[in-house]
Amino acid sequence: MAVTPPAKTVPTKYAAFSGLWAGRLEGMYDAKLAVQTISSNGKVTVTYAWGTLGDNHPGEAAGVGRIVGTTLKLERLPNGADISFVMRPDRTLAGTVRLAGQTYTGAFVKQ
């Protein structure tokens, strides 16, 4: 997975999201996030990968989103998932995935 380092014009609070992240939703569902590009206005391109989650089989999807404040919100993925990540003070991400009427949460750490 290619990650392009943020340009010097990207605010530090946005640049902190750049890179590869791994987490576990509800303590049992593995997921990974690659924040591949970040522009100075907070727009991002990502790849999100997941293991089995509810009735959803493992997969991955390219996506786009935007950082506002400390929250990275992705546009709805092709599998119907709505995903957001909040940067915590300890530089981990609090991830939330809403899919098929269920909400899954978990912490993501930079790899």
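Entry 1, positive phi. I take strands as DSSP runs of E, at least two residues long, numbered from the N terminus. On that basis I place Glu-26 in the loop between β1 and β2. The model I am reading is predicted. I looked up the backbone of Glu-26 and found a positive phi of about 55°, although Glu-26 is not a glycine. Most residues other than glycine have a negative phi, which is why I wrote the value down. I then checked the accessibility of Glu-26: the relative accessible area is 40%, so I list Glu-26 as partly exposed, between the limits of 20% and 50%.

I noted a further positive phi at Arg-91, near 65°, again in a residue other than glycine. Arg-91 sits in the loop between β6 and β7. At 47% relative accessibility, I count Arg-91 as partly exposed.

Entry 2, salt bridges. How many salt bridges does the structure hold? I find two. Side chains of opposite charge can pair when their charged atoms come close. One of the bridges joins the side chains of Asp-30 and Arg-24, with 2.8 Å from N to O. I looked up the exposure of each partner: Asp-30 is partly exposed at 44%, and Arg-24 is partly exposed at 42%.

In another bridge, Arg-76 pairs with Asp-82, and their closest N and O atoms are 2.6 Å apart. Arg-76 has a relative accessible area of 58%, and I count Arg-76 as exposed because that value is over 50%.

Entry 3, nonpolar core. In soluble globular proteins, nonpolar side chains tend to be buried together. I looked up the largest nonpolar core and found 29 residues in it. Which members touch the most other members? They are Leu-33, Tyr-48, Leu-72, Phe-85 and Val-97. I then asked which elements give two or more residues to this core, and the list runs β1 (19–25), β2 (29–38), β3, β4 (59–68), β5 (71–74), β6 (82–87), β7 and β8 (102–110).

I followed Phe-85 further. Leaving aside neighbours within four places in sequence, Phe-85 is in contact with Phe-17, Leu-33, Tyr-48, Thr-70, Thr-71, Leu-72, Leu-74, Leu-93, Ala-94, Gly-95 and Phe-108.

Entry 4, cavity. Rolling a probe the size of a water molecule over the atoms shows where empty space is left. I searched the whole structure and found one cavity of 30 Å³ or more. I record about 30 Å³ of space in the largest cavity. Which residues line the largest cavity? I list Tyr-48, Trp-50, Leu-53, Asn-56, Asn-79, Ala-81, Val-97 and Leu-99. By class, I count six nonpolar, two polar and no charged residues in this lining. Two strands, β3 (43–50) and β7 (93–99), each supply at least two of the lining residues. Tyr-48 and Val-97 in this lining also stand in my list of core members that touch the most others.

I looked at Asn-79 of the lining separately. Asn-79 is in the loop between β5 and β6 and is partly exposed, with a relative accessible area of 26%. Not counting neighbours within four places in sequence, Asn-79 is in contact with Trp-50, Asn-56 and Leu-99, each of which is also in the cavity lining. I also took a distance to Thr-45: Asn-79 and Thr-45 are 34 residues apart in sequence and 17 Å apart in space, C-alpha to C-alpha.

Entry 5, Ser-18 and Thr-37. I find Ser-18 in the loop between α1 and β1. Is Ser-18 buried or exposed? At 9% relative accessibility, I count Ser-18 as buried, because 9% is under 20%. Beyond neighbours within four places in sequence, Ser-18 is in contact with Val-3, Thr-4, Pro-6, Val-35, Ile-38 and Lys-110.

Thr-37 is in strand β2 and is partly exposed at 31%. I took the C-alpha separation of Thr-37 and Ser-18 as 7.1 Å, with their positions 19 residues apart along the chain. With residues up to four places away left out, Thr-37 touches Thr-4, Lys-43, Val-44 and Thr-45. Thr-4 also appears among the contacts of Ser-18.

Entry 6, Lys-8. I find Lys-8 in the segment before α1 (12–15). At 86% relative accessibility, I count Lys-8 as exposed. Lys-8 and Gly-65 are 57 residues apart in sequence, and I read 20 Å between their C-alpha atoms.

Key. Residues numbered from 1 in each chain as written. Predicted model: local features only at pLDDT ≥ 70, side-chain atom pairs only at ≥ 80, totals over all residues. Heavy atoms only, no water. Helix = DSSP H or I, 4+ residues; strand = E, 2+ residues; numbered from the N terminus. Buried < 20%, exposed > 50% of the residue type's maximum accessible area, 1.4 Å probe, protein only. 1 Å grid on protein atoms, 1.4 Å probe; cavity = no way out; pocket = protein on both sides within 12 Å on 5 of 7 lines; lining within 4 Å. Points joined across faces, edges and corners; volume = space filled by probe spheres on them. Nonpolar A, V, L, I, M, F, W, Y, C, P; charged D, E, K, R; others polar. Core = buried A, V, L, I, M, F, W, Y, C linked by side-chain atoms within 4.5 Å. Contact = heavy atoms within 4.5 Å. Salt bridge = Lys/Arg side-chain N within 4 Å of Asp/Glu carboxyl O.
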